[in-house]
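Here are some exercises to work through with the structure open beside you. Try each task on your own before you read the solution.

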Amino acid sequence: MSIDTRALLYLVAAVAFVLGLKRLGSPRTARSGNTIAAGGMLMAVIVTLVDADVSWTILGSGLAVGAILGGTAAIRVQMTSMPQLVAAFNGFGGIASALVAGAEFVKADGLELPTETIFTIILSVLIGAITFTGSFVAYAKLQGLIGGSPITYPGQKMVNGLLAVGIITAAVIAQISQDPLAFWLIGAVALVLGVLAVIPIGGADMPVVIALLNSLSGMAAAATGFVISNSALIIGGALVGASGLILTKLMTEAMNRTLSNVLFSGFGATSTSSAAATGGDVTTTTPEDLAIALAYASQVVVVPGYGLAVAQAQHAVREVATLLEARGVKVAYGIHPVAGRMPGHMNVLLAEADVPYDQLLDLDQTNNLLPRTDVVLVLGANDVVNPSARDDEGSPIYGMPILEVDHAATVIVVKRSLSPGFAGIDNPLFYREGTRMLFADAKQALTALGSALEDV
Amino acid sequence: MPGIPLTPDVLSPVVVGIIVFVLAAFVGLELISKVPPTLHTPLMSGSNAISGITVVGAIIATGAGSGTLGSVLAFVAVVSATINVVGGFLVTDRMLGMFRKPKRPEDTK
C-alpha cells in the first residue's frame, strides 16, 4: 500500500471519529456514534497492519493481552466505579503514547534525529508519563486505595517547581545532545511529577482532574502523531485534547474556581471553615410523614449527590419514583454538573436504574422548574444546594452556581448527620423554615419511604 | 528547459501536522460544546477510547529492527493502548445501552 493511500485511509478513520463524536451529542444517536468511532479505530488498525513489517508474535500477544484485560474490566465494572475505570484507561493511553515515542527514539539508535522529532518525543514522553501516574493516583483515590482527602506537606510547591525545572533542564540537554540518559530522566521525573501533582487534590475535585487527564491523554497521542508523522494520531489526539479541555472548563465553572486553584490549592485540606456555624434548630421528619408529603405533591424534584452513589441507592430512588408516578406525581432529577466524581456520572447511575433521560435535568432546567416544585428531595448532596454560595459573600464557595432548592415549597434533606460537606462549610439550608431533615442512610431512608408510600 | 525536474516548495511534515492539529482541535471544540451534560460520562470514555489511536503507533513500533529494548517498549505500548481502545469502546457502549428512551405510555415496569 502506498504512503498516500495509507494516509487517505487514515483520513477516513479520522472522519469516523469526528462523526462518532458528533453523534455522541444526543442520547438517541450516541450509541451508534460510539460504534462508528470504534469502526474507525478498527479500520486504522487494519490499514496499519497491511504490508506491515511487524513482529507478529509481539503484536499478536500484545493485542490479545490488552483486549482481554480491557474487555474484562469494561464488562465487569460497576457504574459507581466508572470514574476510576476511565481514569485507568486514560493512564494506559498516556503511557502507550509515551512508550511509542520512546521506542521511536530507541529505534534511531544514535542516528541524529531532526530537531522537531526530538522535541515531539520529549513532549510525548513528558505528557504521557504524567498522564499515566496522575491517572493511577486518581484511580487509587477514587477506588479508596488511598485516602480521598488532599495530601499536602510543607514545601510542596517548591518540590514540584524543582522537578519542573529538572525536566526543563533535561529537555534542553536532550534537545542539544540527544543523550539517552536525558530522555530516561525526563520520563522518570515526569512519572514522579504525575504522582505529586494529583495527591494534593481532594476527592470532590476529581471531576476536574479526570477531565484534565482525559485531555492530556489526547495531547500525548497527538504529540506521538508528530513523532511518527501520522495524521490519524494527530487528529484523534487533537479531538480528545479539545474535548477534555472543554469538560475541564465546564467543571471548574460549575465550582466557580479556576483550574490553577483546583490544581494547586489543596482545597479542603487547608481551608478552615470561615463561615461560623449557623447553628439553630432543625426540623426533622419521618419516612411516614415524607411519604404523605410526596404522595400529595404534583411535582417532585430529586437532587442526587455523591452520597447516593456511595449508598448504591440509585435503584431505590427509582423504585420510589415509580410508586409516585403511579399516583400521578411528576418526578424529575436535578443534576448539578459536579454531583458525582466525574462529569455526567450521576446521569449514568440513574440511567442504569432505568430512569428515562428526559427526566434528567441540568442546572438551568432544574432551576427553572424549582419555583413550581412542591417537594425537593435532596439525597446525599450538600454543597451544590448550599444557599451560601448565592447569598454569603464571605463563604468559600460564594459564586458557585447552585441548585436553588430553597425556591421550592418544601425541601427534604436526607443525610446521615449534620456534618458539613467536603469544604467544611455549614449549610444554612438545613436550618431554614420549610426544610425538613431525615437523618438516615440514603438507601435505608428510600426503602422505608417506599414501604410507607405503599400504605398511604 | 527539458530534463530539469521541477522541485516545488514542499511543506515540511511538521508544518502539515501543525495545520492538521489546529484544525482538528477546533472541530473538537465545536463538537463537544454541543454535548448535553447527561452524556458527559460516555463522551469522556468514548473520546478516551479514541485517544487510544496511539495503538497505530504501537503496532508500527513492533516493527523489525527495534532491538530488545525497543521490542519491550513496543509490547507494553501495544498492551496499554489495546486496553485503552477495547475497554474504552466497550464500556461506552455498555453505558449508552442503559440510556432509556423517554417513556411511552404504560412503560413503568
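**Exercise 1. A helix residue and its partners**

Leaving aside its neighbours within four places in sequence, which residues is A:Ala171 in contact with?

Solution. A quick note before starting: this is a predicted model.

Step 1: find the residue. A:Ala171 sits in helix α6 of chain A, residues 156–177.

Step 2: look for contacts beyond the sequence neighbours. You should end up with A:Ile122 and A:Ile186. A:Ile186 turns up again in the largest nonpolar core, as one of the residues with the most contacts inside it.

Step 3: decide on burial. The cut-off for buried is 20 or more other C-beta atoms within 10 Å. A:Ala171 has 20 of them, so it is buried.

Step 4: check a pair that is far off in sequence. A:Tyr10 is 161 residues from A:Ala171 along the chain, and their C-alpha atoms are 31 Å apart.

**Exercise 2. The sheet**

Work out the strand order of the open sheet in chain A, then follow the pairing through β4(A).

Solution. Step 1: read off the order. Six strands line up as β3-β2-β1-β4-β5-β6, with parallel pairing. The edges are β3 (360–361) and β6 (435–439), each of which pairs on one side only.

Step 2: go to β1 (residues 299–304). With β2 (residues 330–334), β1(A) pairs in parallel over four bridges, and A:Val301 stands opposite A:Ala332 there. With β4(A), β1(A) is joined by five bridges, again parallel.

Step 3: cross β4 (residues 375–379). A:Leu377 is the bridge partner of A:Val302, and in β5(A) A:Leu377 partners A:Ile412. The pairing of β4(A) with β5 (residues 410–415) is parallel and has five bridges.

Step 4: check how covered β4(A) is. Five of its five residues are buried. A:Val375, A:Leu377 and A:Leu379 point one way, while A:Val376 and A:Val378 point the other way.

Step 5: tie this strand to the core. A:Val376, A:Val378 and A:Leu379 are among the residues with the most contacts inside the largest nonpolar core, which has 201 residues. Helix α4 (residues 82–108) of chain A gives the largest share of that core, 16 residues.

**Exercise 3. Two crossing helices**

Describe how α11(A) and α17(A) pack, and say what kind of residues make the contact.

Solution. Step 1: pick the quantities. Two packed helices are described by the angle between their axes and the distance between the axes.

Step 2: fill them in. The axes of α11 (residues 287–295) and α17 (residues 442–455) of chain A come within 8 Å and cross at roughly 65°. The crossing is right-handed.

Step 3: list the residues. α11(A) brings A:Pro287, A:Glu288, A:Leu290, A:Ala291 and A:Ala295, and α17(A) brings A:Ala445, A:Ala448, A:Leu449, A:Ala452 and A:Leu453.

Step 4: sort them. You get nine nonpolar, no polar and one charged.

**Exercise 4. Where the chains meet**

Characterise the contact between chains A and B, then zoom in on B:Ser51 and B:Val78.

Solution. Step 1: count the residues. Chain A puts in 99 and chain B puts in 82. On the chain A side, α4(A) has the largest share, 17 residues. That side splits into 60 nonpolar, 28 polar and 11 charged residues.

Step 2: take B:Ser51, in the loop between α2 (40–50) and α3 (54–61) of chain B. B:Ser51 touches several chain A residues, including A:Gly93, A:Ser217 and A:Val240. B:Ser51 counts as buried because 37 C-beta neighbours lie inside 10 Å.

Step 3: take B:Val78. Its contacts include A:Leu59 and A:Leu63 from chain A, plus B:Val55 and B:Ile59 from chain B.

**Exercise 5. Unusual phi values**

What is phi for A:Asn256 and A:Gln312, and where do these residues lie?

Solution. Step 1: recall the usual case. Most residues other than glycine have a negative phi.

Step 2: look at the two residues. A:Asn256 has a positive phi of about 55°, and phi of A:Gln312 is near 55°.

Step 3: place them. A:Asn256 is in the loop between α9 and α10 (259–264) of chain A, and A:Gln312 is in the loop between α12 (306–310) and α13 of chain A.

Step 4: buried or exposed? A:Asn256 has 14 C-beta neighbours inside 10 Å, so it counts as partly exposed. With 14 such neighbours, A:Gln312 counts as partly exposed.

How values were computed. Residues are numbered from 1 along each chain as its sequence is written. Chains are lettered from A and ligands numbered from 1 in the order in which they are written. This is a predicted model: local features need pLDDT of at least 70, side-chain atom pairs count only at pLDDT 80 or more; totals for chains, interfaces and linings use all residues. A nonpolar core is a set of buried Ala, Val, Leu, Ile, Met, Phe, Trp, Tyr and Cys residues joined through C-beta atoms within 7 Å. A residue is buried if 20 or more other C-beta atoms lie within 10 Å of its own, exposed if 12 or fewer, and partly exposed in between; C-beta atoms are placed from the backbone. Two residues are in contact if their C-beta atoms, placed from the backbone, lie within 7 Å. Axes are lines fitted to C-alpha atoms, for helices over the stretch in contact, and angles run from 0 to 180 degrees between N-to-C directions. A crossing is left-handed if the near helix is turned anticlockwise from the far one by less than a right angle, and right-handed if clockwise. Ala, Val, Leu, Ile, Met, Phe, Trp, Tyr, Cys and Pro count as nonpolar, Asp, Glu, Lys and Arg as charged, and the others, Gly among them, as polar. Two strands pair if DSSP finds at least two bridges between them.
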